Amino acid sequence: MLRFLILSGYFELMMYLQVSGKLDQYINVHYRYLAILSMILSALLALVQLYVWVKSDSAKRDHDEHHHDEHHHEEHDHGLSTPWQRGIAYVLLALPIIVGTLFPTVSLDTTIVEAKGFNFPVSKESVGDPEMQTQYLKPDTSIYFNKSDYLDQMNQLKAKYGDKEKITITDENYLEIMELIYNYPSEFIGKKISYEGFVYQTPNGEQEDSFLFRFGIIHCVADSGVFGLLTHMPDGTSIKNDEWYKVEGTIQSDYYEPFKREIPSVEVSKATKVAAPKNQYVYRSF
């Protein structure tokens with residue numbers, strides 16, 4: 001009975017995340033098919049467990065006490081011979097359902113950046129998980145490839161965008177273009193660029209530097225991060241944190257004192273305030 005309830009709970013949770021659109025805040029949308037597959041498998045396994053439970057319940061009513069004891073042993077022993085062992089196993093299996101149900105999903109904003117700060121190219125902060133790295137500014141997919149395969153992928157992307165004088169960044173290509181710009185800044189200096197994101201201002205001595213960011217997910221929320229470029233807005237432009245802008249400008253390079261290094265930036269020629277998109281995340285496609 002408990003197995004049926006847990007499996008049906010998985011199905012209902014995945015269905016809820018799909019219908020509500022909240023699944024996009026957990027995984028890369030390009031892997032949505034895996035979530036659908038897991039939902040279907042959970043439903044099928046739940047039906048199997050329901051059949052086994054009904055059949056077992058019927059058998060218990062039709063057989064004597066001795067046969068009942070043997071059947072009970074066959075059904076439940078599987079290496080978990082005591083009630084407390086089975087209890088722990090069921091709690092662990094149900095934990096994702098409990099977390100997914102009780103903990104709300106929250107869209108990220110500049111308060112996350114302010115709380116963590118940002119580093120370059122990758123923060124070593126693990127949030128208790130050595131496999132989890134929060135990335136900042138530059139998307140880094142090299143950790144998922146060997147060196148030659150990664151260079152092949154970057155060369156393909158350079159061939160795709162390198163000869164364009166104006167680069168239009170969309171939700172679909174946001175992360176791959178940002179990775180190219182940070183990996184090969186000299187090849188993009190002087191090119192026109194347009195993209196949109198939210199404003200984050202950070203103090204730098206006596207002035208404030210403005211970045212235009214998007215929160216992105218490479219594979220799942222464990223490798224999510226905040227990605228974007230330093231921007232120099234036109235004189236007289238008044239901006240605030242979390243405001244969304246679409247900017248057009250020219251890619252250049254600036255020495256950024258907090259990082260002690262040159263980073264790509266945008267000399268903005270036109271900035272238009274826009275409404276925040278329904279889905280504020282961008283995803284890496286492979």
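The accessible surface of the protein comes to about 16200 Å² (Shrake-Rupley method, 1.4 Å probe). Carbon and sulfur atoms account for 58% of that surface. This is a predicted model: local features need pLDDT of at least 70, side-chain atom pairs count only at pLDDT 80 or more, and totals for chains, interfaces and linings use all residues. Residues are numbered from 1 along each chain as its sequence is written, and side-chain values use heavy atoms, with hydrogens and water left out.

**Overall fold**
- The protein has seven helices and eight strands (DSSP runs: H or I of at least four residues for helices, E of at least two for strands, numbered from the N terminus).
- Of its 286 residues, 37% count as buried (under 20% relative accessible area, 1.4 Å probe, protein chains only).
- Take the contacts (heavy atoms within 4.5 Å) between residues at least 6 apart in sequence: 66% join residues at least 24 apart.

**Aspartate 209**
- Aspartate 209 sits in strand β4, residues 207-217.
- Aspartate 209 is buried but has no salt bridge (a side-chain nitrogen of Lys or Arg within 4 Å of a carboxyl oxygen of Asp or Glu).
- Its nearest side chain of opposite charge is lysine 260, 12 Å away (Lys and Arg count as positive, Asp and Glu as negative; His and the chain ends are not counted).
- Leaving out residues up to four places away in sequence, aspartate 209 touches Tyr200, Gln201, Thr202, Asn204, Leu230 and Tyr256.

**Glutamine 153**
- Helix α6, residues 147-161, holds glutamine 153.
- Glutamine 153 is buried, at 14% relative accessible area.
- Leaving out residues up to four places away in sequence, glutamine 153 touches Thr141, Phe145, Arg284 and Phe286.

Notes. Buried means under 20% relative accessible area, exposed over 50%, partly exposed in between (1.4 Å probe, protein chains only).
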